[in-house]
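Hi everyone, thanks for making room for me today. I'd like to walk you through one structure, so please have a look at the screen while I talk.

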Amino acid sequence: MHDLVDYEARGIPSVMVASSEFVHAAQTQAEALGMPDLAAGSVFVPHPIQDATDEEMRVKARNAIDAILATLTT
């Protein structure tokens with residue numbers, strides 16, 4: 001989240017992509033860093049990630065790409 005705040009402050013569009021397990025943590029961090037909208041614009045993919053197969057990760061990526069692009073371009 002710290003990197004996203006830095007990028008946004010420099011005018012570089014960014015989006016956080018994380019596991020759905022981290023929704024609350026992202027909200028808390030974004031609020032603490034003074035940019036609560038960053039968490040609202042984050043894209044959360046289904047948890048878990050760590051033990052997902054390559055094909056499961058491809059599915060997660062395909063399902064998330066539209067939301068990622070929309071966040072970066074709006």
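Let's start with Arg-10, which counts as exposed, with a relative accessibility of 54%. One thing to keep in mind as we go is that this is a predicted model. Arg-10 has a salt-bridge partner in Asp-6, and the closest N and O atoms of the pair are 2.9 Å apart. Asp-6 itself is partly exposed, at 37% relative accessible area.

How many salt bridges does a search of the whole structure find? The count is three. Beyond the Arg-10 and Asp-6 pair, let me show you Arg-58 and Glu-55, where the closest N and O atoms lie 3.4 Å apart. These two sit three residues apart in helix H4, so about one helical turn separates them. Both are partly exposed: Arg-58 has a relative accessible area of 43%, and Glu-55 has 41%. Glu-55 also meets Arg-62 in a salt bridge, at 3.1 Å from N to O. Through shared partners, then, Glu-55, Arg-58 and Arg-62 are joined into one network.

Since we're on H4 already, let's stay with that helix. H4 covers residues 54-73, which is 20 residues. From first C-alpha to last, H4 reaches 27 Å, close to the 28 Å expected at 1.5 Å a residue. Where does H4 bend? The bend is at Ala-64, and the angle is about 45 degrees. Now look at which residues of H4 are tucked away: Lys-60, Ala-64 and Ile-68 are buried. So Ala-64 is a name to remember, as the site of the bend and as a buried residue. What do the buried residues of H4 pack against? They pack against two strands, E1 (17-19) and E2 (43-45).

That brings me to strand E1, and to Ser-19, which has its place there. Is Ser-19 buried or exposed? Ser-19 is buried, because its relative accessible area is 5% and the cut-off for buried is under 20%. The Ser-19 side chain makes a polar contact with the side chain of His-47, at 2.4 Å. If we set aside neighbours within four places in sequence, the contacts of Ser-19 are Phe-44, Val-45, His-47 and Ile-49.

His-47 comes up again in the backbone. The peptide bond from His-47 to Pro-48 is cis, and omega is near 5 degrees. As for Pro-48, you'll find this residue in the loop between E2 and H4.

Last stop, the nonpolar cores. The largest one has nine residues, among them Met-1, Leu-4, Val-5, Met-16 and Leu-38. Which elements give two or more residues to this core? They are helix H1 (2-9), helix H2 (23-32) and helix H3 (36-40). There is also a second, separate core of five residues, including Val-15, Val-43, Val-45 and Ile-68. Two of those names should ring a bell: Ile-68 is one of the buried residues of H4, and Val-45 is in contact with Ser-19.

Before I stop, take a look at Met-1, back in the largest core. Not counting residues up to four places away in sequence, Met-1 touches Met-16, Ala-26, Gln-29, Ala-30, Leu-33 and Leu-38.

That's my tour. Thanks for listening, and I'm happy to take questions.

Notes
Residues numbered from 1 in each chain as written. Predicted model: local features only at pLDDT ≥ 70, side-chain atom pairs only at ≥ 80, totals over all residues. Heavy atoms only, no water. Helix = DSSP H or I, 4+ residues; strand = E, 2+ residues; numbered from the N terminus. Expected span 1.5 Å × (residues − 1). Bend = angle between axes of the 7 residues up to and from the residue. Buried < 20%, exposed > 50% of the residue type's maximum accessible area, 1.4 Å probe, protein only. Contact = heavy atoms within 4.5 Å. Polar contact = N/O pair within 3.5 Å; in protein donor to acceptor, adjacent residues only side chain to side chain. Core = buried A, V, L, I, M, F, W, Y, C linked by side-chain atoms within 4.5 Å. Salt bridge = Lys/Arg side-chain N within 4 Å of Asp/Glu carboxyl O.
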